[in-house]
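Reader: I am new to reading protein models. Could you walk me through some features, one at a time?
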Amino acid sequence: MPLIVHAWPAWVLGGALVLAWMAIGLGAQALFPRRWRERATATDHRVALASLAVIVTVNVLLLAVSALSVRDAFSAAEQAVEREATAMAQLARSLAVYGTPESRLARERLRGYGRSVVGKEWIAMQRDQASLPTLDAFDDLYRTLGDLHPAAASEGALLAQIWTQANELLSQRRARLMAARDQVPATLWAVVLASSLLTLAPVAALPVSACSRGAIVVLALVPGLVLPVVVAMDRPFLGAGRVSATPIENALAHMQRWDARWSADAPSSSSSPSRPGAAPLR
């Protein structure tokens, strides 16, 4: 599905689909050969209605499969963002407690990574891409973590925890990027659209009446109501209902709050630092 379609508001896409299906259905009914319609018997009408029931059933099943697929993918994208934000917050606190100049530099680079995710990679994911500056920021964080060398057993235990949290952050970053891709294959999109159009074919063979035209309108409402939902959730980071970056923004805000409180408490604790080389966070 083209990216521009995902960016449309749901009501615009739904309205366009309803109008398109109605135009196709009414056009097919008007173009259907009159002599064939006049020769149709009651049995032919029953066959057309039975065919319509079968096609509608298949179409509904296809729409249900597509909706369930994108719903699970959308939920996975939300969970990946939440978990990445949690891993970021845990890593930030561990680095703050570690309290060396190298850990403070790593914490600043973690902050830079989070800002790049929100400011750059969120936009890149809308085009099914990753942000190279954000990847560079993440690599810089890892290189800085490699400069951490524990001077005591307690620091060694904390450093092991820091690496566990950094690896969890990497895993959730990958999960978020995977969730940004199309979830419905192009083949399934083609089948869904074709089956939706096929529902109009049996109605075109029925006698022209207010009832048959009303059936075309009803059949046009089905894709107009369901497909916009599927399209919106097919790209979790694109469109009005996209996954929000609020969890990561909150993690960055909590880092700022930690720094503010640490700076406020630093004058009173500077006379008795908790460990050699400790200094206020910057």
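Author: Gladly! Let us begin with Thr199, whose place is in the loop between H8 and helix H9 (200-204). Keep in mind throughout that this is a predicted model.

Reader: Is Thr199 buried or exposed, and why?

Author: Buried means under 20% relative accessible area. Thr199 has 4% relative accessibility, so Thr199 counts as buried.

Reader: Which residues does Thr199 touch, not counting those up to four places away in sequence?

Author: With those set aside, Thr199 touches Leu52, Ile55, Val56, Asn59 and Leu219.

Reader: Some of those names make me curious about the helices. How do helix H4 and helix H10 pack?

Author: For two helices, look at the angle and at the distance of the axes. Helix H4 (residues 42-98) and helix H10 (residues 210-234) have their axes 8 Å apart and pack at an angle of about 20 degrees. Angles under 35 degrees count as roughly parallel, and H4 and H10 are therefore roughly parallel to each other. Their crossing is left-handed.

Reader: Which residues of H4 and H10 make the contact?

Author: From H4 come Leu52, Val56, Asn59, Leu63, Ser66, Ala67, Val70, Arg71 and Phe74. From H10 come Leu219, Val222, Val226, Leu227, Val230, Met233 and Asp234. Notice that Leu52, Val56, Asn59 and Leu219 are also among the residues that Thr199 touches.

Reader: What about H8 and H10: at what angle do they pack?

Author: Helix H8 (residues 186-198) packs with H10 at an angle of about 170 degrees, and the axes are 12 Å apart. That makes H8 roughly antiparallel to H10. On the H8 side are Trp189, Val192, Leu193 and Ser196, which meet Pro223, Leu227, Val230, Val231 and Asp234 in H10.

Reader: Pro223 is on that list. Where does Pro223 lie, and is Pro223 buried or exposed?

Author: Pro223 lies in helix H10. Its relative accessible area is 2%, so Pro223 is buried. Not counting residues up to four places away in sequence, Pro223 touches Leu17, Trp21, Ser196 and Pro228. You can also compare sequence with space: Pro223 and Gly25 are 198 residues apart along the chain, and their C-alpha atoms are separated by 13 Å.

Reader: Could you give me another such case, from H4 this time?

Author: Try Ala73, which lies in helix H4. Ala73 is buried, with a relative accessible area of 10%. Ala73 and Ala179 are 106 residues apart along the chain, while 6.6 Å separates their C-alpha atoms.

Reader: Now for rings. How is a pair of aromatic rings described?

Author: You give the distance of the centres and the angle of the planes. This structure holds five aromatic pairs. In one of them, the rings of Tyr113 and Phe138 have their centres 5.0 Å apart and their planes at 65 degrees, so the pair is edge-to-face. Tyr113 lies in helix H5 (residues 101-125) and Phe138 in helix H6 (residues 132-145), so the pair ties together parts that are 25 residues apart in sequence. Both Tyr113 and Phe138 are buried.

Reader: How far apart are the centres of the rings of Phe138 and Tyr142?

Author: Those centres are 5.3 Å apart, and the planes are at 35 degrees, so this pair is tilted. Phe138 and Tyr142 are four residues apart in helix H6, which separates them by about one helical turn. Together with Tyr113 and Trp163, they form one aromatic cluster. Phe138 has a charged partner too: the charged end of Arg173 sits over its ring, 6.0 Å from the centre.

Reader: How do the axes of H5 and H6 cross?

Author: They come within 9 Å and cross at roughly 165 degrees. That makes H5 roughly antiparallel to H6, and the crossing is left-handed. Among the residues that meet there are Tyr113 in H5 and Phe138 in H6, the edge-to-face pair from before.

Reader: To finish, is His149 buried or exposed?

Author: His149, found in the loop between H6 and helix H7 (153-179), is exposed, with a relative accessible area of 60%. Leaving aside neighbours within four places in sequence, His149 is in contact with Tyr98 and Glu155. The C-alpha atoms of His149 and Ser103 are separated by 9.8 Å, and these residues are 46 apart along the chain.

Definitions and conventions
Residues numbered from 1 in each chain as written. Predicted model: local features only at pLDDT ≥ 70, side-chain atom pairs only at ≥ 80, totals over all residues. Heavy atoms only, no water. Phe/Tyr/Trp six-rings, centres within 6.5 Å; stacked < 30°, edge-to-face > 60°. Buried < 20%, exposed > 50% of the residue type's maximum accessible area, 1.4 Å probe, protein only. Lys NZ or Arg CZ within 6 Å of the ring centre and 35° of its normal. Axes fitted to C-alpha atoms, helices over the stretch in contact; angles between N-to-C directions. Parallel < 35°, antiparallel > 145°, perpendicular 65-115°, else oblique. Left-handed = near helix turned anticlockwise from the far one by under 90°. Contact = heavy atoms within 4.5 Å.
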